[in-house]
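Let's take a friendly walk through a protein structure. Have the sequence and the 3D view ready as you read.

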Amino acid sequence: MPRFFSNKRLILLLVGVIVLVALISFSLRDRQHANLPEQIVKDVVGFGQSIFSKPARYITGTLDKIDGILNTYEENKHLKARLKEYASTQTELTDVKVENDRLRAIIGKEENLRNYNPIHATVISRNPDQWEEKLVIDKGSIAGVELNMAVITADGLIGKVVLVSKTTSTVELLSTENKNFRVAAVIPGKEAVFGLIEGYDTERGELIMKRIDSNFEVEVGQKVESSGLGGIFPKGLLIGEVTEVSTDDFGLTKLAYIKPAADFGMLDHVMVAERTTTVTSGTDGVVAEDDEGEDES
């Protein structure tokens, strides 16, 4: 008897395995319709999932909405604070402009180193061999473009016009390796710090501001603008931001590394700044022949 029951269990086990394998192979077949047991199981499981999934999705959606509302509230507070700051700055700027116009009227001075007429242009060509040095725009002498005019973007100063034809112009960028390309620059503050943008560090991707008086303090993060004293670039064009300050090779003056405000690698639309004040030879322009080699650019 024990042997009989033992054989019976073995037979039942084998039958169960065979049935299981048959069911698995049956379920793996490529069928377009489920059989009745499968339909029942799928319907029951689907109904159970719908019961639990709908509340879960509702709770998750509610939490996401609450999180979105909280984020929106914080962003709204931040934007309101920035808006108040912007409004205050605009009001202050308006007052400064009015006062400036009044003072200029008193002294009878009409020229302003900041004034210029923008000539909008599009970059149409860029030589891969001179990618960091020059580009060609679609405006020339017919549009009023002249030699040595400053070229800017919405972010800041990028270079100047070095060649003009009737319909196109060639622009030399601040990132050029031309050692004769200089820009008279200033670091605004309680005491304005003057210097010259001379050279570009290709490894750092930054401009070099030299000839800074060692008696003046220059801090990282300060903005650098064109001073308007070189004769070409209008005053107040943003050049970049100070990232490092050190002394020159002789220790007599300071030099600063400037992160450019504009991205020289992504240029499509630019503006040529037609300076309204009289352009004279100087740091930014072409010096007289007897001074050649000193500040020529």
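The report below looks at a barrel of strands, then at some of its pairings, and last at a surface patch on a helix.

## The barrel

Keep in mind that this is a predicted model. In which order do the six strands close into a barrel? The order is β6-β7-β8-β11-β10-β9, and the pairing is antiparallel. From one strand to the next, the twist averages 45°.

As background, strands of a sheet pair through backbone hydrogen bonds, either parallel or antiparallel.

## Strand β8 and its two partners

Let's begin with strand β7 (residues 193-201), which runs antiparallel to strand β8 (residues 206-213) and is joined to β8 by four bridges. Look for D201, which stands opposite E206 in β8. The hairpin of β7 and β8 has four residues between the strands, and there G205 takes a positive phi near 70°.

β8 also pairs with strand β11 (residues 253-260), in the antiparallel sense and over five bridges. Which residue in β11 is the bridge partner of L207? You will find I258 in that place.

## Strands β9 and β10

Now move to strand β9 (residues 223-226) and strand β10 (residues 238-247): three bridges link this antiparallel pair. One spot to find here is V224, whose bridge partner in β10 is G240.

## A nonpolar patch

Finally, turn to the surface. L10, L13, L14, V17 and V21 form a nonpolar patch there, and together they have about 460 Å² of accessible area. One of these residues, L14, has its place in helix α1 (residues 2-28).

Methods:
Residues numbered from 1 in each chain as written. Predicted model: local features only at pLDDT ≥ 70, side-chain atom pairs only at ≥ 80, totals over all residues. Heavy atoms only, no water. Patch = residues over 30% accessible without salt bridge, like charges linked within 9 Å, V, L, I, M, F, W, Y side chains within 5 Å. Areas by Shrake-Rupley, 256 points an atom, 1.4 Å probe, with all protein chains shown as cover. Salt bridge = Lys/Arg side-chain N within 4 Å of Asp/Glu carboxyl O. Helix = DSSP H or I, 4+ residues; strand = E, 2+ residues; numbered from the N terminus. Pairing = 2+ DSSP bridges. Axes fitted to C-alpha atoms, helices over the stretch in contact; angles between N-to-C directions.
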